[in-house]
Every structure is written in structure tokens, then in C-alpha cells.
Amino acid sequence: MGASSSSYARYSNDFELVIRATKDLEHLLETGFGAPSGKKEGLHDKISYVQANVGLSVSTVKKLRYLVTVRNKLVHERGFNKLPDRKSFIESYESAETELKSKLKKSGNSTACVIS
């Protein structure tokens with residue numbers, strides 16, 4: 001489905017970078033960890049579900065919430081039109097993705113390669 005994390009830096013448009021990364025994150029949470037899908041559940045809800053059912057580190061949860069908050073600001077806030085720290089966004093995504101994939105690998109879930 002998505003780009004590998006190391007390739008996210010190639011997107012010069014912040015909107016494209018953020019939307020692609022968070023779409024891939026959402027897909028991983030749903031298909032890899034069984035987070036609820038649908039119109040009523042947002043990414044914060046999916047993160048909470050995985051946190052409660054899988055046991056993510058506090059650091060990873062903070063990074064995931066940061067990613068989603070930035071995404072929401074880009075999409076919904078009129079004056080928020082670029083990443084405040086592009087490098088930090090990419091590093092947060094890569095770090096969170098690494099922990100999520102590691103948890104999938106340890107559990108033997110075959111969807112661990114979804115984003116690679």
C-alpha cells in the first residue's frame with residue numbers, strides 16, 4: 001500500500017507528505033492490529049485501541065498523537081499550511097512505524113509488510 005518510511009522525505013509538498021504518512025499509519029493500525037475502521041472512529045481512537053490492546057510505549061503513543069494532531073491541523077485549520085518541523089514529523093513517523101512493525105513481527109502477524 002504505501003511508501004516505505006524512508007521515502008516520505010521525497011515528498012516536497014507538506015500536505016502530500018502528511019496525508020500519505022497518516023493514511024499508511026491508519027491502514028497499519030486497522031489491518032495489523034484490528035483497530036476499528038469506519039467513519040465514526042478517528043485516528044486518535046485507533047491509537048487508543050492499539051495502546052489498550054497491544055501495549056505501545058508512551059513515547060510511541062506521543063509520537064502517533066503528534067502525527068495525527070499535525071494532520072488534523074493541516075486539514076482543518078485555515079491558517080496552518082505547512083509543517084512546523086518537517087524533519088521531526090518524518091522522524092516521529094519512522095520511529096512509530098518501527099515500533100508498530102516490531103510488535104507485528106513479534107506477534108507473527110503477516111501484515112507486517114503492509115507499508116514496506
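Helix axes whose N-to-C directions differ by over 145 degrees count as roughly antiparallel. In this predicted model, the axes of α2 and α3 cross at roughly 170 degrees, and the two helices are therefore roughly antiparallel to each other.

**Helix pairs**

Two packed helices are described by the angle between their axes and the distance between the axes. The table gives these values for three pairs.

| Pair | Angle between axes | Axis distance |
|---|---|---|
| α1 and α4 | about 15 degrees | 11 Å |
| α1 and α2 | about 40 degrees | 10 Å |
| α2 and α3 | roughly 170 degrees | within 10 Å |

**α2 with α3**

On the α2 side, the contact is made by Leu43, His44, Ile47, Ser48 and Gln51, which meet Val61, Leu64, Arg65, Val68, Thr69, Arg71 and Asn72 of α3. By class, these residues comprise 5 nonpolar, 5 polar and 2 charged.

**α1 with α4**

Helix α4 covers residues 86-107. Angles under 35 degrees count as roughly parallel, and α1 and α4 are therefore roughly parallel to each other. The crossing of α1 past α4 is left-handed. From α1, the contact takes in Asp14, Leu17, Val18, Ala21, Asp24, Leu25, Leu28, Leu29, Gly32 and Phe33; their partners in α4 are Arg86, Phe89, Ile90, Tyr93, Leu100, Lys103 and Leu104. This contact has 12 nonpolar, 1 polar and 4 charged residues.

**α1 with α2**

The angle of about 40 degrees between α1 and α2 falls outside the limit of under 35 degrees for roughly parallel axes, and the two helices are therefore oblique to each other. Here too α1 makes a left-handed crossing, passing α2. Thr22, Glu26, Leu29, Glu30 and Phe33 of α1 meet Leu43, Lys46, Ile47, Tyr49, Val50 and Val54 of α2. The contact divides into 7 nonpolar, 1 polar and 3 charged residues.

Several residues recur in these lists. Leu29 and Phe33 of α1 meet α4 and also take part in the contact with α2. In α2, Leu43 and Ile47 belong to the contact with α1 and to that with α3.

**The largest pocket**

The largest pocket has a volume of about 270 Å³. Its lining consists of 16 residues, and those nearest the centre are Glu26, Glu41, Gly42, Leu43 and Arg71. Two or more lining residues come from each of α1 (14-33), α2 (43-54) and α3 (58-76). Of the elements, α1 gives the most, with 5 residues. Sorted by class, the lining has 3 nonpolar, 6 polar and 7 charged residues.

The pocket shares residues with the helix contacts. Glu26 and Leu43, which lie among the residues nearest the pocket centre, are also part of the contact of α1 with α2. Arg71, another of the residues nearest the centre, is one of the α3 residues that meet α2.

Terms used: Residues numbered from 1 in each chain as written. Predicted model: local features only at pLDDT ≥ 70, side-chain atom pairs only at ≥ 80, totals over all residues. Heavy atoms only, no water. 1 Å grid on protein atoms, 1.4 Å probe; cavity = no way out; pocket = protein on both sides within 12 Å on 5 of 7 lines; lining within 4 Å. Points joined across faces, edges and corners; volume = space filled by probe spheres on them. Helix = DSSP H or I, 4+ residues; strand = E, 2+ residues; numbered from the N terminus. Nonpolar A, V, L, I, M, F, W, Y, C, P; charged D, E, K, R; others polar. Axes fitted to C-alpha atoms, helices over the stretch in contact; angles between N-to-C directions. Parallel < 35°, antiparallel > 145°, perpendicular 65-115°, else oblique. Left-handed = near helix turned anticlockwise from the far one by under 90°. Contact = heavy atoms within 4.5 Å.
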